[in-house]
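Biologist: Please show me the structure, so that we may discuss its parts in turn.

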Amino acid sequence: MMRARSYPPPVFQRLRTTLLSVGPAIVLIGCLSACHLDPSKSLRPIDVKANPAAHGGKTIELRFSDLPGAIRLSGAELHFEIGNRECVPMDYGRALGGVRLPPRYAFPAPVWLSPDGALIVAVPEDVLIDEDYFGLGKCHWALQSVSLEFGSEHARFVASVPAAKMRVGKDLAFRYLVSDYAAGAAHLPAIFGERPGFYPDDKPQFSLTVSVRNGPAERR
């Protein structure tokens, strides 16, 4: 004789289904509450020191052509990032479980005008002093790019030269629109130079040519 199988009343079935569906959500909410981002555990600022004996490196020459008018030079910067992440501790204030975010640093570089009209930027090899900032071994700074900022009355322009391109040593050319020089671009805080051919030929443009030379720059 078969025994009749008992079933829970419908109300309890619905309750069990609800608990099964919301259970993972409760666990997730509990984890988020326990593992919330803690800004107090973010990495402390580091004291970056410039090398007073920096030497060698490369020299960047920048030349404008077809400028529609006068420009205002804001300056140049060398952009660095710590290259060996293992010297940086986990930052628990930026992501759940922590993340290694290598510090970055922008070093202002002097710019001067050569007798033939080129802008000169010196890029020494060892601008920043490598140090043990976090007790995990010495951190080594690696050059990421060199940028030149200039502007017209209505717009701010930037030319950014990647370090990888500098190591190759090939000349680079950046194109900018004359219309941006005259009126600016309301949706862009800064206008970066584009490669040749990016803009249609029928749009008036001006250019900035970048040449990289080995050895330190010499003022003449």
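The questions and answers below concern a predicted model.

Biologist: In what order do the 5 strands of the open sheet lie?

Modeller: The sheet is open and its pairing is mixed. At its edges are strand 3 (104-109) and strand 9 (191-192), each of which pairs on one side only. Read across the sheet, the order is 3-2-6-7-9.

Biologist: In which sense do strand 6 and strand 7 pair, and over how many bridges?

Modeller: Strand 6 covers residues 141-151, and strand 7 covers residues 156-162. Within this pairing, Phe150 stands opposite Phe157 of strand 7. The sense is antiparallel, and the number of bridges is 7.

Biologist: Which cysteines form the disulfide?

Modeller: A search of the whole structure finds 1 disulfide. Its two sulfur atoms are 2.0 Å apart, and a disulfide requires them to be within 2.5 Å. The cysteines are Cys87 and Cys139.

Biologist: Is the disulfide of Cys87 and Cys139 right-handed or left-handed?

Modeller: The torsion about the S-S bond is about 115°. The disulfide of Cys87 and Cys139 is therefore right-handed.

Biologist: How many residues apart in sequence are the parts that Cys87 and Cys139 tie together?

Modeller: Cys87 lies in the loop between strand 2 (72-82) and strand 3, while Cys139 lies in the loop between strand 5 (119-123) and strand 6. The pair therefore ties together parts whose separation in sequence is 52 residues.

Biologist: Is Cys139 buried or exposed?

Modeller: Buried means under 20% relative accessible area. Its partner Cys87 has a value of 1% and is buried. Cys139 has a relative accessible area of 0%, so Cys139 is buried.

Biologist: Which residue meets Glu81 in a salt bridge?

Modeller: The closest N to O distance given for this pair is 2.9 Å, and a salt bridge requires the atoms to be within 4 Å. Glu81 belongs to strand 2 and its partner to strand 3, 23 residues apart. The partner is Arg104.

Biologist: Is Arg104 buried or exposed?

Modeller: Glu81, at 15% relative accessibility, counts as buried. For Arg104 the relative accessible area is 67%, and exposed means over 50%. Arg104 is exposed.

Biologist: Which residues are linked with Lys49 in a network of salt bridges?

Modeller: The side chains of Lys49 and Asp47 meet at 3.5 Å, N to O. Lys49 is partly exposed at 36%, whereas Asp47 is exposed at 52%. The residues linked with Lys49 in the network are Asp47 and Glu131.

Definitions and conventions:
Residues are numbered from 1 along each chain as its sequence is written. This is a predicted model: local features need pLDDT of at least 70, side-chain atom pairs count only at pLDDT 80 or more; totals for chains, interfaces and linings use all residues. Side-chain values use heavy atoms; hydrogens and water are left out. Two strands pair if DSSP finds at least two bridges between them. Helices (H or I, at least four residues) and strands (E, at least two) are DSSP runs, numbered from the N terminus. Buried means under 20% relative accessible area, exposed over 50%, partly exposed in between (1.4 Å probe, protein chains only).
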